[in-house]
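Take a look at the fold shown here. This report walks through its sheet, its helices, some of its rings and one pocket.

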Amino acid sequence: MCLLANKHLLLEKPFACNTSDAEYLMALAKERNLFLMEGMWTRFFPAVEKARQLVFGTKDEPGVLGEVVKVISDFNFNASDSEEYPTSFMYNHGLGGGSSYLVAPYPISAATLFFGGATPDSIKAVGQVDGATGVDLQSSICLSFPPTSDIAPASDNSNHEESTPKLPGAGVAVLSFGLLGESMEETTIIGTKGRMTIRTPGHCPTQLSVTLKGQGRGSAAGTMEYEYPLPADTEEIITAGSYFYPNSAVDEVAG
């Protein structure tokens, strides 16, 4: 309705419940020259922006983790804390219910975010589906990302930074999401030169830490901590009723 009324649109996930609907929305937005984006707010948090800079580097500073090897990300909560079974929309597939629609976008986004937006060439998934409603209750997914070069650092005489046989760009993501129990909700990026953890709550984080690899297995060359506190409320925000984002960093600070 918004696009048909020539309004730009920030669309709450799931962006669509099937491929054909998503393609229709994108085509309609292009036809009318309108802005259309899924409301994946996680990508705009300063902590996530800093994490990307630490992985990919900037024009002035190189990344610190080396080649990304693996991304591990989880988002699980107990929906029965606030949702009535089976009448809640969370258990209605036609309304975008189920863990794949509601929470999977976060860990999947984390995976693609740190593999440079690449498309995985292999996907494996296991999980449980509710027999009564037909929605998926929880799942674990493994994604495999293809290499961007067929020359490994260990075989490249011109590469003096890396010595591993891992092909550039190649890696895996191990993801978990569900509506049954509460997990830590963190994202860890493992590289050849260190690892980084975006701390809970991973979908709206304010903290991250980096541990650089030292010489030899199990040794660390140092740890860096980063924190990006939420901004204070302005008078306009307070007058409007302040923020209310359930289960978010804002909500936790307010509580």
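What follows goes from the sheet outwards to the helices, the aromatic rings and a pocket. Keep in mind that this is a predicted model.

**The sheet**

Start with the strands. Eight of them form an open sheet with mixed pairing. Their order is E4-E5-E6-E3-E7-E8-E9-E10. Strands of a sheet pair through backbone hydrogen bonds, either parallel or antiparallel. The edges are strand E4 (122–129) and strand E10 (220–227). Each edge strand pairs on one side only. On average, neighbouring strands of this sheet are turned by 10° against each other, direction ignored.

Now zoom in on one pair. Strand E8 (residues 194–198) and strand E9 (residues 207–213) run antiparallel. Five bridges join them. Methionine 196 has valine 210 in E9 as its bridge partner.

**Helices across the sheet**

Two helices can be placed against these strands. Helix H2 (residues 46–56) lies across strand E3 (68–76), strand E7 (187–191), E8, E9 and E10. H2 runs at about 15° to E9. Helix H4 (residues 105–114) lies across E3, strand E5 (136–145), strand E6 (171–178), E7 and E8. H4 runs at about 165° to E3.

**Aromatic rings**

How many aromatic pairs are there? The count comes to five. Two of the pairs are set out below.

| Pair | Centre to centre | Angle between planes | Type |
|---|---|---|---|
| Tryptophan 41 and phenylalanine 45 | 5.1 Å | 80° | edge-to-face |
| Phenylalanine 75 and phenylalanine 77 | 6.0 Å | 55° | tilted |

Why is the pair of phenylalanine 75 and phenylalanine 77 tilted? Their planes stand at 55°. Stacked needs under 30 degrees and edge-to-face needs over 60, so an angle of 55° counts as tilted.

Are these residues buried or exposed? Buried means under 20% relative accessible area. Phenylalanine 45 has 12%, so phenylalanine 45 is buried. Tryptophan 41 has 24% relative accessibility, so tryptophan 41 counts as partly exposed. Phenylalanine 75 and phenylalanine 77 are both buried. Ring pairs also link Phe75, Phe77 and Tyr106 into a cluster.

**The second largest pocket**

Finish with a pocket. The second largest pocket holds about 530 Å³ of space. Its lining has 18 residues. Glu38, Pro105, Ile108, Ser109 and Thr112 lie nearest its centre.

Which elements supply at least two residues each of this lining? They are strand E2 (36–38), H4, E4 and E5. The largest share, four residues, comes from H4. H4 is also one of the helices lying across the sheet strands described above.

Terms used:
Residues numbered from 1 in each chain as written. Predicted model: local features only at pLDDT ≥ 70, side-chain atom pairs only at ≥ 80, totals over all residues. Heavy atoms only, no water. Pairing = 2+ DSSP bridges. Axes fitted to C-alpha atoms, helices over the stretch in contact; angles between N-to-C directions. Contact = heavy atoms within 4.5 Å. Phe/Tyr/Trp six-rings, centres within 6.5 Å; stacked < 30°, edge-to-face > 60°. Buried < 20%, exposed > 50% of the residue type's maximum accessible area, 1.4 Å probe, protein only. 1 Å grid on protein atoms, 1.4 Å probe; cavity = no way out; pocket = protein on both sides within 12 Å on 5 of 7 lines; lining within 4 Å. Points joined across faces, edges and corners; volume = space filled by probe spheres on them.
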